[in-house]
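Welcome, and please take a moment to look over the model below before reading on. A short tour of one chain and its metal site comes after it.

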Amino acid sequence: MRNIWTIAQREVKAYFTGPVGYVVMSCWILFAGLIFYLILGSPSASADMEPLFRNCTILLIMVLPLLTMRLLAGERGGDQGVGTIELLLTSPITEWQLVLGKYLASMLYMCSLVLVSGIYAVAFRVLGKPDVGKIIGGYVGFLFFSGYVLALGLFFSSLTNSQIVAAVTTIVSSLALWLISFFKDNPSKSLQFLAWFSMLGHHEDFWRGVISLQEVVWYCSAIYFLLFASKLMVASSRWR
Amino acid sequence: MIEVQDLVKAYGSRTAVDHISFEVKKGEILGFLGPNGAGKTTTMRVLTCFLPATSGKVKIAGYDIFEQSIEVRRRIGYLPENVPLYLDMSVESYLTYMARLNGVTWSELSERLDKVMDSCGLLHRRRDLIGHLSRGYRQRCGLAQALVHNPDVLILDEPTASLDPVQIRDVRETIKNLAGEHTIILSTHILPEVELVCDRVLMINRGRIVADDTPVGLRNRAASGALSLSLQARGAKDALLGALRAVQGVSGVTVVDGSDTDGYNLQVSASGDLREELARAVVQGGFGLRGLEVPRRTLEDIFVELTTDEAGLAVETPAEEVA
Ligand SMILES: Nc1ncnc2c1ncn2[C@@H]1O[C@H](COP(=O)(O)OP(=O)(O)OP(=O)(O)O)[C@@H](O)[C@H]1O
Ligand SMILES: [Mg+2]
């Protein structure tokens, strides 16, 4: 536990002092603000937060991979040739602790993003009369959704030495996963099954203010699976 | 403290380390020598649990590196060859991070940091970003990182590479002071360093051990074989050569240069150290003896001899008996 925290702490500090953290935070504030303004300013404004959440998830897909790209690919070096993974893998920490520490750091920074966007929720509360349940549901949904994208990003970061490749593959595959959710109303059973893997379909309940056990379990298993795969990739880097 | 038995490490079809076995006792400093690509770094990476061995057994402080890897890693301080550092951290926060990862508690932390920064000459740069340090200071950071948790076993891959002469001396002092309580394996390409620092030398070539001895033993060992003595003497050339060739054990005499009156510089190939016999032959023949010596063989000669292949094969057999 202590080791996980030691690793997470370093990464969180790097987010708050390094350029990537600033870029992600500014993008988030700017674009989430813009989405908020456009939706609230439109004549058909319904003081319903669902469109805001829906658009923000796309934004998350674009910015979260920037947080995870460095986590494992950066340790391998590739881009800068630092190879600090050698230090980590010869320290008395397990591969699980390494992966969990990295993941925890990205989750903590993501939480700070979500907290910042909390001002929008407050504004909605003041300006309109939204359902508090929906706001809470939407925010919990954010956490699970982001947790999924971050785990995916960490996995891709464990596959490659290049941070750029890690970021691009994460964005592309998140978008692909997003798109296959449109198959869920397709008559074909196999396409419907494919859609089940998309995080989006498991997300909509949250926006309606429903936190269902089924969806929570889906997200947790998906995240566990991705972290486990990352752990395997880290372990296998000893063989490569 | 360290026991290596029949260690093999292959990268695909290339065997980088080929059945090596050796032991290091507690408190000993072992120098690892070998030409580029000999397999030094690979061996160290296996010992530090970074790479899994293809076959063989390694025990460090009584723990098996495959089965009790975490226990082994707790006891090892490792300076990798490429000196991995986080360029975006300050010296102090980097060392703190490495100390915490290696299990140093908060209460010991500041004492350990001060001690290790002091011994690596980093105290006045403690707040600088590592990315802004020069190559030599980065090397010092890497060394400090290996020492920070006061490990029982230190594995240092070329610890003095790219340091300035003063710092090289300091680092050697530091390493020597650590011996006794710590067991140290270091690799280097600086041969005099081995004689200054190490208790024992392990020379490897193409993944195989070619010598395992003390630096002195290594130097003396070759002196017993065939020798080429240099001799300066004055007198008639043919008579001189004849007298020398008549000495038992001399297989050949060649003239390097010189004249009857100033004397000749001669190279005498002999089966051993025949200085007395040669001197007697020269004096009894009525020639003027001006000089006679066995050239002092440096570690460098021995290194070249053991690691270039024709010569290496000849010496390999006795070397393996030692190992
Ligand atoms: N990751 C790798 N994949 C394939 N082959 C490798 C790898 N690392 C090392 N080798 C090979 O293994 C052999 C031993 O390399 P090693 O790095 O151990 O040499 P070394 O003794 O440390 O040399 P140097 O003095 O140059 O540091 C070399 O032939 C090298 O090409
Ligand atoms: Mg090397």
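What follows covers the overall build of one chain and then its metal site.

Let's start with the caveat that this is a predicted model. Chain B has 12 helices and 14 strands. Its radius of gyration is 25 Å, well over the 20 Å that the globule rule gives for 323 residues, so chain B is more spread out than a compact globule. You can also follow this along the principal axes, where the C-alpha trace of chain B spans about 80 × 45 × 35 Å.

Buried residues account for 52% of the 323 residues in chain B. Of the contacts in chain B between residues at least 6 apart in sequence, 65% join residues at least 24 apart. The accessible surface of chain B is about 14,600 Å², and carbon and sulfur atoms contribute 48% of that. As for charge, chain B carries 36 positive and 44 negative side chains, with the centres of the two sets 3 Å apart.

Now for the metal. Which residues coordinate the magnesium ion (ligand 2)? Thr41(B), through OG1, and Glu81(B), through OE, do so at 1.9 to 2.2 Å. Thr41(B) sits in helix α1 (residues 40–47) of chain B, while Glu81(B) belongs to the loop between β6 (76–79) and α3 (91–101), so the pair ties together parts that are 40 residues apart in sequence. The table sets out how accessible these two residues are.

| Residue | Relative accessibility | Class |
|---|---|---|
| Thr41(B) | 14% | buried |
| Glu81(B) | 39% | partly exposed |

Thr41(B) counts as buried because its 14% falls under the 20% cut-off.

Notes:
Residues are numbered from 1 along each chain as its sequence is written. Chains are lettered from A and ligands numbered from 1 in the order in which they are written. This is a predicted model: local features need pLDDT of at least 70, side-chain atom pairs count only at pLDDT 80 or more; totals for chains, interfaces and linings use all residues. Side-chain values use heavy atoms; hydrogens and water are left out. Helices (H or I, at least four residues) and strands (E, at least two) are DSSP runs, numbered from the N terminus. The radius of gyration is taken over C-alpha atoms; the globule rule is 2.2 Å times the number of residues to the power 0.38. Buried means under 20% relative accessible area, exposed over 50%, partly exposed in between (1.4 Å probe, protein chains only). Contact means heavy atoms within 4.5 Å. Accessible areas come from the Shrake-Rupley method with a 1.4 Å probe; for residues, only the protein chains shown count as cover. Lys and Arg count as positive and Asp and Glu as negative; His and the chain ends are not counted. The place of a charge is taken as NZ of Lys, CZ of Arg, CG of Asp or CD of Glu. Donors are N, O and S atoms within 2.8 Å of the metal (3.2 Å for Na, K and Ca); water is not among the atoms, so sites may look incomplete.
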